[in-house]
Amino acid sequence: MVMKRAVLNTVIVLSIAWLPWWVTAIFILFGFAYFHSFFEGVAWGAVMDILYGAPLEKFGGLQFVFSVSSLAVFFLIERLKRNIRFYRR
Amino acid sequence: MSAFFVAVAGYAVFFSPFLPFATEIAHTAFSPLWNMSSSFAALTDDVRSAFASKERLFAEIRNLERDLRDQKLRLLSADVLKRENELLKRELGRSRAGDRAVLVASVLAKPNRSPYDVLVIDVGFSDGVRKGDRVLYEGVAIGVVSDVFEHTSRAVLFSSPGEETDVVIYPAGITATAKGEGAGTLSIALPRDVDVAKGDSIVLPGISPVVIGKVDSVRMEANDPFRSIFFKGPVNVYTVSFVSVSRNPLSGADAGAEAGVDASAAE
């Protein structure tokens, strides 16, 4: 499991540098769903904002959209996991 | 308890003087990966051209030669007008050549890498870049520098959704505010009786106007007192590898004071 986690983290780093943002978002979402407490996903969201973030009008001047949304999705998915029988096994 | 740590970590990273430092480190760490991406793109272009059919290449060369001939002819008159313009400004004491130092920069990250529609370029405070400087490609303005770090900068495109830019529409000479619509497109809302036609030039205001695009379409509803003008820059921002950064003549000396990195910190 640790190996799989390391591979996904490497893939996320490469996708942050090379691929469109929505591909990175899909990888992070997969990590949240597949691994137990995928904290790294929130950290990668913060890295996206640190690298590319700008206070744009479309986000109401917020520069940390990826960090805030990845944190919210992380807590939401962790809460859902506790209530879904599939994850309790 | 964990929420408390998240809040403290969030504050430490995003709402403290640590943010420019963290960005500097992140840009330095990611620069080799970004450079690898550019080299890989150049390599795939070479491989693709090696397998392209000869007929298609000959046809493409013929088309390009015809385009080049047309452009040269247009450039001839443009050169004459430019020289005349410079001469008139010098005569009137309005030559701004000294203010328009231009830097060439390599694009490290293109707009599709993030939802923010920004370019990351490899020149920063140490190269003389200041917040508010204009980012140009082949003389066409595409954005403005929003954050400056020691060796890198971030530039927001004029076409970023919601971004507002003051522009002048030629030849009518109307001053308006263009709003970014994303994907390289901008729009302007004008009263319906204002005369604007497809192909009119849109420039940034100033003594030396810089083109940002040409009117692409004009839309008007029967009962709407306004008409919507849509335009695109002649540059595909998703494919640019190099840009130039020029001092914004409107921001003047104040631009340095607003720079994302403090001058003393940079030293």
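A residue counts as buried here if 20 or more other C-beta atoms lie within 10 Å of its own, and as exposed if there are 12 or fewer. Keep that cut-off in mind as we walk through this predicted model, starting with a residue in chain B.

B:Asp117 has 28 other C-beta atoms within 10 Å, so this residue is buried. B:Asp117 sits in the loop between strand 1 (102-109) and strand 2 (118-121) of chain B. Its backbone deserves a look too: B:Asp117 is not a glycine, yet its phi is positive, at about 60 degrees. For context, most residues other than glycine have a negative phi, and most peptide bonds are trans.

Chain B offers another case of positive phi in B:Glu138, again not a glycine, with a value of about 50 degrees. Is B:Glu138 buried or exposed? With 11 C-beta neighbours inside 10 Å, B:Glu138 counts as exposed. B:Glu138 is found in the loop between strand 3 and strand 4 of chain B, and these strands form a hairpin with two residues between them. Strand 3 (residues 134-137) runs antiparallel to strand 4 of chain B, and four bridges join them. One of the pairings to look for matches B:Tyr137 with B:Val140 in strand 4.

From there, follow strand 4 of chain B onward. A hairpin of four residues leads from strand 4 to strand 5 of chain B, and strand 4 pairs with strand 5 (residues 153-157) in the antiparallel sense over five bridges. In this pairing, B:Gly143 stands opposite B:Leu157 of strand 5. How enclosed is strand 4 (residues 140-148) of chain B, and why? Eight of its nine residues are buried, so strand 4 is largely enclosed by the rest of the structure.

Further along chain B, six strands make a closed barrel in the order 6-7-8-11-10-9, with antiparallel pairing. The twist from one strand to the next averages 45 degrees. Within the barrel, strand 10 (residues 210-220) and strand 11 (residues 226-232) of chain B are antiparallel partners over six bridges, with B:Val215 opposite B:Phe231 of strand 11. Where strand 6 (164-170) gives way to strand 7 (174-182), the loop between them holds B:Pro171. The peptide bond from B:Tyr170 to B:Pro171 is cis, and its omega is near 10 degrees.

Stepping back, chain B has five helices and 12 strands. Of its 267 residues, 27% count as buried. Among the contacts in chain B between residues at least 6 apart in sequence, 58% join residues at least 24 apart.

Now turn to chain A. The axes of helix 1 (residues 2-18) and helix 3 (residues 39-52) of chain A come within 11 Å and cross at roughly 15 degrees. Angles under 35 degrees count as roughly parallel, and these two helices of chain A are therefore roughly parallel to each other. The crossing of helix 1 past helix 3 of chain A is right-handed. From helix 1, A:Asn9, A:Ile12 and A:Ile16 meet helix 3 residues including A:Trp44 and A:Leu51. By class, this contact of the helices has six nonpolar, one polar and one charged residues.

Finally, how do the chains meet? Their contact takes 18 residues from chain A and 27 residues from chain B. On the side of chain A that touches chain B, helix 3 of chain A gives the most, with six residues. That side of chain A divides into 15 nonpolar, one polar and two charged residues.

Note on methods: Residues numbered from 1 in each chain as written. Chains lettered and ligands numbered in written order. Predicted model: local features only at pLDDT ≥ 70, side-chain atom pairs only at ≥ 80, totals over all residues. Pairing = 2+ DSSP bridges. Axes fitted to C-alpha atoms, helices over the stretch in contact; angles between N-to-C directions. Parallel < 35°, antiparallel > 145°, perpendicular 65-115°, else oblique. Left-handed = near helix turned anticlockwise from the far one by under 90°. Contact = placed C-beta atoms within 7 Å. Nonpolar A, V, L, I, M, F, W, Y, C, P; charged D, E, K, R; others polar.
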